[in-house]
Amino acid sequence: MTLADTAYDSLRRDIMRGHLPPGQPLRLEALRARYDMGFSPLREALNRLQSERLVVSASMKGFIVAPLSLPEMWEAIEARVLVETEALRLSILRGDDAWEAGVVAALHALGLAAARGEPETLEARHAEFHLSLIAACGSGWLLDFARKLSAATERYRAPVLAGDTAPRDVQGEHAALAEAALARKAEEAPALLAAHYRRTGERIAARMAA
């Protein structure tokens, strides 16, 4: 990894986890002290994050962490639904034994992390599970869009739903989704995926309103 890659990963992780809250200025001098890096890799990282809409450039202020906005969140969720449901249909049509094994393994790994209560591992394995479902779509563009839209929605889910104790069987939803995909149910599985994402959006909206 280059220094710019390291800077990008560090900044992205802190934004996604809420350690750098929405609206916070991202001044280069402060970032250099925080991450012990030079200005050049930090600027490159900020430009990459701007392309993902995780940071924005504000007049006279430089870069700031992108604010949270319910309309923008729902726009990102619906775009994610559009992209990933199509990618899932294609994976169901094209997926081979290796794809099926990948889905099973990702679901199992996710379950282990959930049972052990490992937040950082859980977040990583949650992303890996959802990517495993669409991994066989055969389209690099769809996968790239899916990753960017995942980041756009996860930056709401991770910090806003932290500590949320309202009952929901998320692992059950994941298991049902994997089962439908592996059974090659090309209509049911995308419908379950869309409902899964929208249900999360509703929970986030309720928490933000409260």
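## Report on a predicted model

Glutamate 52 is buried, with a relative accessible area of 14%. The model described here is predicted. Glutamate 52 belongs to the loop that runs between α3 (39-51) and β1 (55-58). Apart from neighbours within four places in sequence, the residues in contact with glutamate 52 are Tyr8 and Arg12. Tyrosine 8 also has a charged partner: the charged end of arginine 48 sits over the ring of tyrosine 8, at 3.8 Å from its centre.

**Around helix α1**

Helix α1 covers residues 3-16, and alanine 7 is part of it. Is alanine 7 buried or exposed? Its relative accessibility is 1%, and because buried means under 20%, alanine 7 counts as buried. Not counting residues up to four places away in sequence, alanine 7 touches Met37, Pro41, Leu42 and Ala45. One of these, proline 41, is 34 residues from alanine 7 in sequence, yet the two are 6.3 Å apart in space, C-alpha to C-alpha.

Lysine 61 and arginine 27 are likewise 34 residues apart in sequence; their C-alpha atoms are 8.4 Å apart in space. Lysine 61 lies in the loop between β1 and β2 (62-65). With a relative accessibility of 58%, lysine 61 counts as exposed.

**Loop residues and their exposure**

Two loop residues have a positive phi although neither is a glycine. For aspartate 36 the angle is about 55°, and for arginine 53 it is near 65°. Aspartate 36 is placed in the loop between α2 (28-35) and α3, while arginine 53 is placed in the loop between α3 and β1. The table lists the accessibility of these residues with that of some others.

| Residue | Relative accessible area | Class |
|---|---|---|
| Aspartate 36 | 71% | exposed |
| Arginine 53 | 56% | exposed |
| Lysine 61 | 58% | exposed |
| Glutamate 52 | 14% | buried |
| Glutamate 154 | 12% | buried |

Aspartate 36 counts as exposed because its 71% is over the 50% cut-off. Arginine 53, at 56%, is exposed too, whereas glutamate 52, placed in the loop between α3 and β1, is buried.

**Nonpolar cores**

How many residues does the largest nonpolar core have? It has 34 residues, and those with the most contacts inside it are Leu88, Phe129, Leu133 and Ile134. At least two residues of this core come from each of α4 (70-94), α5 (97-116), α6 (119-134), α7, α8 (170-182) and α9 (188-209). The helix that gives the most is α4, with eight residues. Setting aside residues up to four places away in sequence, leucine 88 touches Leu133, Ile134, Leu177, Ala181, Ala189, Pro190 and Leu193. There is also a second, separate core of 19 residues, which includes Leu11, Leu31, Leu49 and Val55.

**Largest pocket**

The largest pocket holds about 1,500 Å³ of space. It is lined by 50 residues, and the closest to its centre are Glu123, Ala124, His126, Glu154 and Arg157. The lining draws at least two residues from each of α1, α4, α5, α6, α7, α8 and α9.

Glutamate 154 can be looked at more fully. It is found in helix α7. Its relative accessibility is 12%, and since that is under 20%, glutamate 154 counts as buried. Beyond its neighbours within four places in sequence, glutamate 154 is in contact with Met16, Arg80, Glu123, His126 and Pro159. Among these contacts, Glu123 and His126 are also listed with the residues closest to the pocket centre.

**Rings in the model**

Which residues form an aromatic pair? A search of the whole structure finds one such pair. The pair consists of tryptophan 141 and phenylalanine 145, with 5.9 Å from centre to centre and 35° between the planes. The pair is tilted because the 35° angle is neither under 30 degrees, which would count as stacked, nor over 60, which would count as edge-to-face. Both residues lie in helix α7 (residues 140-160), four residues apart, about one turn of the helix. Tryptophan 141 counts as exposed at 64% relative accessibility. Phenylalanine 145 has a relative accessible area of 39%, so it falls between the two cut-offs and is partly exposed.

A charge over a ring is also found for arginine 155 and tyrosine 156: the charged end of arginine 155 sits over the ring of tyrosine 156, 5.7 Å from its centre.

Note on methods:
Residues are numbered from 1 along each chain as its sequence is written. This is a predicted model: local features need pLDDT of at least 70, side-chain atom pairs count only at pLDDT 80 or more; totals for chains, interfaces and linings use all residues. Side-chain values use heavy atoms; hydrogens and water are left out. Rings of Phe, Tyr and Trp (its six-membered ring) pair if their centres lie within 6.5 Å; planes under 30 degrees apart count as stacked, over 60 as edge-to-face and the rest as tilted. Buried means under 20% relative accessible area, exposed over 50%, partly exposed in between (1.4 Å probe, protein chains only). A charge sits over a ring if NZ of Lys or CZ of Arg is within 6 Å of the ring centre and within 35 degrees of the ring normal. Contact means heavy atoms within 4.5 Å. A nonpolar core is a set of buried Ala, Val, Leu, Ile, Met, Phe, Trp, Tyr and Cys residues joined through side-chain atoms within 4.5 Å. On a 1 Å grid over the protein atoms alone, a cavity is a set of points where a 1.4 Å probe fits but cannot get out, and a pocket is an open set with protein on both sides within 12 Å along at least five of seven lines; lining residues have an atom within 4 Å of a point. Grid points are joined across faces, edges and corners, and a volume is the space filled by probe spheres set on the points.
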